[in-house]
Amino acid sequence: MPGPRVASPVPSPHDGDGAGAGTHDDGRNGGEGAARDGARDGARHPRDEPPPAPPRQTSSPDPALAPPLVSMDIAHAVEGGGKAVNLTVDDGPDPVWTPRVLAILRENGARATFCMIGPQAAAHPALVRRVVAEGHRLCDHSVTHDTGMDQKSRAYQREQIRTAARQIEEASGGVKPLYYRAPGGAFTPYSRQIAAAAGMRPLGWNVDSKDFETPGTDAILRTVKDELANGPTLLFHDGGGDRSQTAHALERLLPWLRGQGYAFGFPER
């Protein structure tokens, strides 16, 4: 679904996610409230087995929560490096536009990461399975695409992430999403750790195509080409409205990227 998009910056070593995000704690800054959250979120106790070695990251996990299984830093880079882009496609699956995008990707030998809304995945399981079967990756994009969820309670954030992940996994026939992208980039340290503890790397973007604004195919292409130097992760949409401009832009963009020497990869995990 379309909504305001904000830049998704590389997180600082101090674990901030934007104005206010580093301190937003649903009114709980420790003590009994934090202990309750820790219990609900699967925090380990001294009598439990020691956690696995933490992934390499600049973020500082909250020891009261379950430890991250993958880095909770927001991913932007290409897995394996090299001259490549990460195509990411949000807000689907959509019965009209997802098949169109899949066909364009197949024609160009490209792969992408599909950031899916949980109920959309549940409504279109055949499309989710087709995405997987054609070699693409899945990403959790929440239940309701609430771009203000970074200002909501921890319980709300947790439910948005976990419910969507379950819906996507069930729709796919058992394939788990590998990433979590907060709607509008509304990450918090808490939501990133909840996602990473479930094996989902938080996923940002470097280039917002602005296709959700339907500015015209030429404008979408111009935005991507002008901002490509910002980094490799490109943001498009296959849901939330008429995506014919997106499809036309991809038909022209993917061959151009090939001609510029770019490969198509996946975000780092």
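Thr214 counts as partly exposed, at 38% relative accessibility. In this predicted model, Thr214 lies in the loop between E6 and H7 and has a positive phi of about 45° although it is not a glycine. Lys210 is found in the loop between E6 and H7, and Lys210 likewise has a positive phi, of about 60°, without being a glycine. With a relative accessibility of 29%, Lys210 counts as partly exposed.

Beyond this loop comes helix H7, whose buried residues are Thr217, Ala219, Ile220, Leu221, Thr223 and Val224. The cover over these buried residues includes strand E6 (207-208), E7 and H8.

**Nonpolar cores**

The largest nonpolar core has 31 residues, and Leu87, Phe114, Leu234 and Leu254 touch the most other members. Two or more residues come from each of strand E1 (84-92), helix H2 (97-107), strand E2 (112-116), helix H4 (125-133), helix H5 (154-172), helix H7 (217-227), strand E7 (233-237) and helix H8 (244-259). The largest contribution is that of H8, with six residues. Leaving aside residues up to four places away in sequence, Leu234 touches Val85, Asn86, Leu87, Thr88, Val207, Val224, Leu228 and Leu257. A second core, separate from this one, has 13 residues, among them Leu65, Tyr180, Ala195 and Met200.

**Strand E1 and its partners**

How far is E1 enclosed by the rest of the structure? Nine of the nine residues of E1 are buried, so the strand is largely enclosed. The residues of E1 counted here as buried each have under 20% relative accessible area.

E1 pairs with E2 in the parallel sense over five bridges, and Val89 stands opposite Phe114 in E2. The path from E1 to E2 passes through H2, and this β-α-β crossover is right-handed. E1 and E7 also run parallel, joined by five bridges; here Asn86 stands opposite Thr233 in E7. With strand E8 (residues 263-264), E1 forms a parallel pairing over two bridges, in which Phe264 of E8 is the bridge partner of Val85. In a regular strand, side chains alternate between the two faces of the sheet.

After E1 the backbone has a cis peptide bond, which joins Gly92 and Pro93 with omega about 0°. Pro93 lies in the loop between E1 and H2.

**Salt bridges**

Side chains of opposite charge can pair when their charged atoms come close. Ten salt bridges are found in a search of the whole structure. Three of them are listed below with their N to O distances.

| Side chains | N to O distance |
|---|---|
| Asp90 and Arg181 | 2.8 Å |
| Arg100 and Glu251 | 3.6 Å |
| Glu169 and Lys176 | 3.3 Å |

What does the salt bridge of Asp90 and Arg181 tie together? Asp90 lies in strand E1, while Arg181 is in the loop between strand E4 (179-180) and helix H6 (189-197), so the pair ties together parts that are 91 residues apart in sequence. Asp90 and Arg181 are both buried.

The salt bridge of Arg100 and Glu251 links distant parts of the chain, with Arg100 in helix H2 and Glu251 in helix H8, 151 residues apart. Arg100 is partly exposed, with a relative accessible area of 28%. Glu251 also counts as partly exposed, at 34% relative accessibility.

Glu169, which meets Lys176 in a salt bridge, counts as partly exposed at 25% relative accessibility. Salt bridges also link Arg106, Arg130 and Glu134 in a network.

**Model confidence**

The protein chain averages a pLDDT of 86, and 80% of the residues score at least 70. Where does pLDDT stay under 50? One such stretch is residues 1-16, for which the model has 47 contacts beyond four places in sequence. Another is residues 42-48, for which the model has eleven contacts beyond four places in sequence.

Terms used
Residues numbered from 1 in each chain as written. Heavy atoms only, no water. Core = buried A, V, L, I, M, F, W, Y, C linked by side-chain atoms within 4.5 Å. Buried < 20%, exposed > 50% of the residue type's maximum accessible area, 1.4 Å probe, protein only. Helix = DSSP H or I, 4+ residues; strand = E, 2+ residues; numbered from the N terminus. Contact = heavy atoms within 4.5 Å. Pairing = 2+ DSSP bridges. Right-handed = clockwise from strand over helix to strand, strands pointing away. pLDDT = per-residue confidence, 0-100. Salt bridge = Lys/Arg side-chain N within 4 Å of Asp/Glu carboxyl O.
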